[in-house]
Structures are given as C-alpha cells and as structure tokens.
Amino acid sequence: MTKLERYIEDKRFVKWVFLPDTEVKHYYAKYFRKHPEEKEEMVKLRDQLRCLEFSNKSYATELPENIFRKIQADIIELESSKKSQIRILSVLKYAAIAVLLLSTGFFANFFAGGNSSGHQFSEDLLLIGTMVEPRLYLSDGSSVIVPGPDYEVSYAQANKIIVGHDTIEVNRLKKNDRGKDALVVSYGRKVKLVLPDHSEVWVNSGSRLIFSHNFESKIREVFLSGEGYFDVEKNPEQPFYVRTTAMAVKVLGTEFNVSAYPENETIEAVLEKGSVQIEENDRMWFGKKAVLVPNQRASFDKQTHEIKIAEVEHENYTLWKEGLVTIDDETLDDVFGKIERYFNIDIKIADREKIDMQISGKLDFNVGRERVFEYIEKLTDGKFTEIGPAKYKFE
Amino acid sequence: MKDWRQTWLKFKGGDMDAFHRIYVAYFDKLYAYGSKLTNEHSVLEDSIQELFLQLYTRRSHLREDVNLEYYLLKSLKLTIYQRLRRKERIIPSGLANEDHESSLFKFKIENADEQTDKEGNDELLQALSGLDPKQRELLYLKFYNSLSYKEIGDILGINPDSAKKQVYRIIKKLKHNFRGFSIELFLYVVQHVKKS
C-alpha cells in the first residue's frame with residue numbers, strides 16, 4: 001500500500017478533507033501534535049484534494065417533509081389497493097396442475113417405439129419452426145389450420161371436431177385410420193383442446209400433442225412434446241396418462257398441467273391440486289416412481305434417471321396458460337422495457353399517470369405481442385395504438 | 001450507529017417512525033447525489049419519492065446487513081435514469097446530450113467567473129475540465145460517500161479494480177498539476193470562487 005493509498009483509503013482522512021466535522025478536526029489536531037512530521041504532507045494533500053469539492057444545489061427547508069408526506073400518502077393508497085390486487089390474482093388460480101419439461105428426441109423415440117400414430121406426422125411436426133398458425137393433423141392424413149383469435153379445438157361431441165367456428169364431421173371407420181390425431185402449435189400461439197372425455201388441455205407455444213380421437217380403451221393417454229396444461233375429468237376406471245420420452249404422468253386425481261420442451265435436460269412436473277404419479281418409462285417393475293402432492297415439482301433427470309422433488313409455487317410454472325409470468329410490483333415502464341426488448345418494438349407512453357403504475361401478476365411473451373398488449377390493456381385500462389413500423393403508443 | 005441496526009429492523013417490521021428516521025438520515029445525501037445526476041428538480045424529487053416508496057414496499061425482501069447507503073444511492077440513480085429515459089422517450093443508452101452532461105457533477109472551483117486569476121489555476125482547471133462525467137461521478141462516490149470500490153464499480157457499471165485505478169490515476173494527474181503554485185494561491189482561488 002502506498003502512502004497515498006493509506007490516506008485515500010482512510011475513511012477518516014477522507015471525511016477530514018471533504019466533510020469535516022468538529023470531531024474529525026479535533027482528531028487530526030491531536031494527531032498532528034503526536035506526529036508533526038506527517039502534518040505538512042497531509043495538509044498539502046487535503047488542500048489539493050479539496051479542489052475536488054463539488055458544487056451542491058440547495059433545497060428549500062420544507063422540501064424533505066413535503067416529499068415525505070407524499071410518500072406516506074402513496075403508502076396508504078398502496079395498502080388500500082392491495083385487496084384488489086389479491087382479487088386479480090385469485091382469478092388466475094386453477095384447480096390442479098402438473099408440469100412436465102421434456103428433453104430432446106421425443107418424436108424419434110416415440111415413433112421408433114412402434115406406436116401406432118404413424119410417421120406421417122413427423123415430417124410436418126419438424127416444420128413447427130416455420131409454421132405461423134397452429135394446425136390439427138387428423139388420423140386420416142388431412143390437416144386443418146386452427147384459427148385465431150381463440151385457437152380452440154373441441155372433440156367433446158361424438159364424430160365431430162369443432163375447430164374455431166367450423167365443424168368437421170368425421171367418419172372414424174375408415175380403414176386407413178390410425179386412431180390418433182395431433183395438434184401442433186406454432187411459436188407464439190396457444191391452443192385450447194377439449195378431448196373426447198371433456199378433459200381440457202391448453203397446448204403451449206412450440207408444442208405437439210398426440211392423442212386418441214376416442215378414449216375407448218382401458219386408459220386415456222396423450223403424448224406430449226412441449227408444454228400443456230391439463231384439466232382432466234376424473235374417472236378412476238380409466239386413468240389418464242401424459243406420456244413423454246422418458247417418463248409419464250399418471251393422473252390419479254382431477255386436473256393437471258403438462259409441459260414438455262425438447263431443449264431441457266430434465267422433465268418436470270408441478271402439481272397444483274389433486275394427485276399425480278410420475279413413472280419412468282418402460283421399467284414396469286424397476287422404474288422410479290413418485291407421487292406428487294400440490295405445490296411440489298418433480299424433476300426427472302434424463303441422464304441419471306433421478307427424480308427430485310421440490311416445493312414450489314405452482315403459479316410460476318402453470319400460469320403461462322393465461323399468457324402470464326410472474327411480475328412482482330413492477331412499474332409499467334419496467335414491464336414495457338421487457339416487452340420492447342422481447343418483441344423488438346418501441347412503446348411510447350402518452351399517459352404520464354400510467355407510466356408509474358405498478359402491476360403485479362403474470363405475463364408471458366410466448367403468446368405473442370397482440371395477446372400481451374391485450375392483457376396489459378385489460379389490467380391497466382389502457383390502450384395500445386400502432387403509430388409506426390414497430391412503434392406503439394400506450395395511453 | 002449501534003442503534004441504527006435497531007432502527008433498520010424496526011423499519012423492516014413496518015415501523016413508520018423508523019422509516020422516517022431513515023428518510024431524514026439519507027435525504028441530504030440522496031439529494032446531493034441526485035442533483036448531480038439531473039438538473040430537473042421534478043425528476044429528482046419524484047425519484048426520491050418513488051425510491052422511498054419502493055424501499056417501504058420491498059422492506060421485507062431487503063437483507064438485514066444491506067449497506068443502505070449503497071442501496072439507496074444505486075436505486076436513486078436507476079430511478080432517475082429511468083425517469084429521464086421515460087421523459088425523453090428514447091432508448092436506454094441516450095440519457096442526455098453533451099451540454100447537459102457537462103453541467104452534471106460540477107466542481108465548485110469550476111464555477112469561478114471568467115475573470116478569475118488565470119495564472120495559477122489554469123492548468124488545474126484544465127485538468128479538472130478534462131474529466132468526463134463518469135470520472136467525476138466516480139470521485140464523488142469515492143469521497144462523499146462511504147462505499148467500497150465494489151459498490152462504486154457496481155453503481156458505475158465498471159469493475160472494482162478499474163474504479164480504484166481510475167481514482168488514483170486522476171489524483172496523481174491532479175497532483176501533478178498542483179505543482180508550480182502554492183497552497184496560498186490555491187486558497188486564494190477557492191476564496192475567490194466562494195465569493196462569486
């Protein structure tokens with residue numbers, strides 16, 4: 001440590017130079033009596049450093065208290081608005097949830113495994129990155145686009161598939177019928193699918209779900225790559241399975257959510273309510289199993305085949321279905337910053353009042369800019385308008 | 001300082017008096033720093049208001065051993081920059097034009113009038129005016145606040161080593177420019193400045 005450093009890094013010395021009070025002045029007066037040899041150098045350094053004195057702006061004496069009163073008023077307002085915040089969040093709760101995150105090679109394994117759903121899907125499925133709208137692939141080889149803005153498909157009525165506003169009459173007795181349909185959801189979209197047993201599935205962006213068009217066998221099963229939220233009709237006689245490459249989720253209770261994206265190294269399940277069982281694939285007797293209780297997450301490591309259980313907030317894993325991720329007391333400006341970066345757009349705020357508005361809740365960019373905007377509009381009572389290429393005004 | 005921790009814990013528990021004590025204890029320091037980051041009074045005052053509201057709402061998330069001074073200074077800077085950015089309606093990087101920038105973190109000595117004795121402090125003033133706003137801010141954070149180099153580096157977005165090196169580089173350079181005139185002359189200049 002150099003001499004200079006010894007002085008500069010000494011908080012007392014710095015205080016003596018820049019913000020001297022009587023105490024520190026006194027200290028150095030005493031110090032120099034003891035160490036007169038240091039005085040000249042230290043005083044010189046002090047005087048030199050003092051040229052770094054900053055020019056300060058003064059403020060009115062009443063300013064601090066005025067600002068504090070405003071802060072108090074803000075706090076009171078905030079506390080009283082908490083009730084409505086809680087109400088907003090409670091609307092977003094769901095009955096039962098399980099999330100699965102699935103790693104690579106699902107379709108390779110799935111089709112190689114001799115399942116009857118056929119290779120015909122696979123090529124189309126690989127095109128998911130180039131797809132704009134979600135598409136439903138029927139077992140007879142035909143396909144149909146699932147139109148927005150609702151993106152809904154229903155198998156609830158026998159021999160009928162409702163896709164958006166259209167109804168497709170289906171004759172399942174055709175000989176070439178492989179018995180399984182597939183829903184492929186393009187990036188930035190989300191499709192709600194009602195299965196023949198009236199169970200509901202929200203299939204997330206970039207996901208594929210293969211399912212029987214009737215659930216007449218002993219078990220109900222679907223095959224998932226990507227993410228899906230399942231609201232399963234309870235039927236103890238006919239258990240419901242969500243299958244993935246390495247493990248399956250068996251629904252014991254009522255409802256759950258499954259998410260399975262190929263990129264991930266682990267497969268995860270998160271349960272909100274009810275009961276599900278995680279089972280390792282193809283190991284009937286030796287495979288690992290785990291039963292989840294609400295607010296637990298099971299992570300299945302595909303390398304080690306270990307299942308780890310952790311306590312989690314289910315909402316963080318399941319609220320994507322509403323197009324939401326967790327936002328904790330962030331200002332609209334913060335939130336807009338994130339939206340701007342993600343969608344590579346520019347948002348101007350016209351209404352100064354709203355800019356500081358704090359929101360808590362959930363937001364998901366996967367659903368697409370329009371949906372994100374709609375959600376923000378709903379939450380804030382504001383409005384987005386396009387004012388130029390990739391430029392939007394919020395007021 | 002020993003009952004400061006007590007105050008902090010009370011505040012975390014929601015005690016308004018403790019909150020007010022913290023506010024009073026830091027107002028001056030925050031105002032001094034903030035007024036160097038922006039010339040807009042309304043932005044500064046709104047930012048202080050927002051900062052303490054945030055402090056209050058996030059109090060339960062704050063660590064007990066947080067260096068409050070660092071936390072508040074950093075948060076104030078972020079809040080001010082955010083507000084300026086919003087106000088300007090421009091993308092984060094462009095905070096202010098150069099004219100605006102040069103009016104921030106002014107040294108007292110620079111406020112001297114044109115006719116100030118140029119013989120003695122010319123070189124020094126030149127050296128000082130050669131410092132960019134970030135270097136000035138660095139010196140300010142170092143000498144007017146009790147922050148570690150790590151904390152200073154964090155606020156300025158540079159690494160701690162570089163923060164420390166820069167402080168010494170600037171001081172050595174200034175010391176060099178002191179040569180050639182006496183303390184008396186320097187004090188004369190300072191007095192002159194104070195009068196004006």
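**How sure are we about chain B?**

Guide: In this predicted model, chain B has 10 helices and zero strands.

Visitor: What makes a stretch of chain B count as one of its helices?

Guide: A helix has to be a DSSP run of H or I with at least four residues. Chain B has 10 helices, and from the N terminus on its elements read α-α-α-α-α-α-α-α-α-α.

Visitor: In which helix of chain B is confidence lowest, and in which is it highest?

Guide: pLDDT is the predictor's confidence on a scale from 0 to 100. Helix α10 (residues 183–195) of chain B has the lowest confidence, with a mean of 53, while helix α2 (residues 16–37) of chain B has the highest, at 93. For chain B as a whole, the mean pLDDT is 78, and 75% of the residues reach 70 or more.

Visitor: Where in chain B does pLDDT stay under 50?

Guide: One such stretch is residues 89–98 of chain B, with six contacts in the model beyond four places in sequence. Residues 114–119 of chain B are also below 50, and that stretch has four contacts beyond near neighbours in sequence.

Visitor: What makes a residue of chain B count as buried?

Guide: You count other C-beta atoms within 10 Å of its own: 20 or more, and the residue is buried. By that test, 31% of the 196 residues of chain B make the cut.

Visitor: And how many residues does each chain bring to the contact between A and B?

Guide: Chain A brings 29 and chain B brings 37. On the side of chain A, the largest share comes from α5(A), with eight residues. As for the complex, the predictor gives an ipTM of 0.80 and a pTM of 0.47.

Note on methods. Residues numbered from 1 in each chain as written. Chains lettered and ligands numbered in written order. Predicted model: local features only at pLDDT ≥ 70, side-chain atom pairs only at ≥ 80, totals over all residues. Helix = DSSP H or I, 4+ residues; strand = E, 2+ residues; numbered from the N terminus. Contact = placed C-beta atoms within 7 Å. Buried ≥ 20, exposed ≤ 12 C-beta atoms within 10 Å, placed from the backbone.
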